[in-house]
Amino acid sequence: EKYNCSFLQEILSAGGQLIDVRSPVEFSQGALEGAINMPINSFQYLMDNIDKSKPVVLYCRTGARSGMVKNYLDQQGFNQVHNIGGIQQFMSC
């Protein structure tokens, strides 16, 4: 699947939840607008705040950590999870 700015804007305007799974330090240095920080190492404690009925959009620095979190959420029964990959390509959205 090809994720781009128009996909991101479309899914967020439809109530999508944008989640940054990087560390708090990385997050504080710049994040996508509207993103919530749920660092991968404490994700299982924070994920109760995610609304299962709405799409979930994940990203990190390269897409590796967000990929792991996507697999985890898929296993937890979430069915609208998107790993858009690394933050850099979306900074200009």
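Modeller: Helices and strands here are DSSP runs, numbered from the N terminus. The model is predicted.

Biologist: In what order do the four strands of the open sheet stand?

Modeller: The sheet is open, and its pairing is parallel. Its four strands follow the order β2-β1-β3-β4.

Biologist: Which strands stand at the edges, each with a single partner strand?

Modeller: A strand with a single partner has one side left without a neighbour in the sheet. That applies to both ends of the order β2-β1-β3-β4. The edge strands are therefore β2 (36–37) and β4 (81–86).

Biologist: How many bridges join strand β1 to strand β3?

Modeller: Strand β1 covers residues 17–20 and strand β3 residues 56–60, and the two run parallel. Within this pair, Gln17 stands opposite Val56. The number of bridges joining β1 to β3 is four.

Biologist: At about what angle does helix α1 run to β4?

Modeller: Helix α1 spans residues 5–13 and lies across β1, β3 and β4. Its angle to β4 is about 140 degrees.

Biologist: Which strands does helix α4 lie across?

Modeller: Helix α4 is made of residues 64–75. It runs at about 150 degrees to one of the strands it crosses, β3. The strands are β3 and β4.

Biologist: Which element gives the largest share of the lining of the largest pocket?

Modeller: The pocket holds about 170 Å³ of space. Its lining includes Leu8, Gln9 and Leu12, and helix α1 covers residues 5–13. The largest share, three residues, comes from α1.

Biologist: How do the residues of that lining divide into nonpolar, polar and charged?

Modeller: Among the lining residues are Leu18, Ala31, Leu32, Phe90, Met91 and Cys93, along with Gln9 and Glu33. Glu counts as charged, and Leu, Ala, Phe, Met and Cys count as nonpolar. The division is eight nonpolar, one polar and one charged.

Biologist: Which cysteines form the disulfide found in the whole structure?

Modeller: The search finds one disulfide, with sulfur atoms 2.1 Å apart. It links distant parts of the chain, helix α1 and the segment after β4, 88 residues apart. At -80 degrees about the S-S bond, the link is left-handed. The pair is Cys5 and Cys93.

How values were computed
Residues are numbered from 1 along each chain as its sequence is written. This is a predicted model: local features need pLDDT of at least 70, side-chain atom pairs count only at pLDDT 80 or more; totals for chains, interfaces and linings use all residues. Side-chain values use heavy atoms; hydrogens and water are left out. Two strands pair if DSSP finds at least two bridges between them. Contact means heavy atoms within 4.5 Å. Axes are lines fitted to C-alpha atoms, for helices over the stretch in contact, and angles run from 0 to 180 degrees between N-to-C directions. On a 1 Å grid over the protein atoms alone, a cavity is a set of points where a 1.4 Å probe fits but cannot get out, and a pocket is an open set with protein on both sides within 12 Å along at least five of seven lines; lining residues have an atom within 4 Å of a point. Grid points are joined across faces, edges and corners, and a volume is the space filled by probe spheres set on the points. A disulfide is a pair of cysteine sulfur atoms within 2.5 Å.
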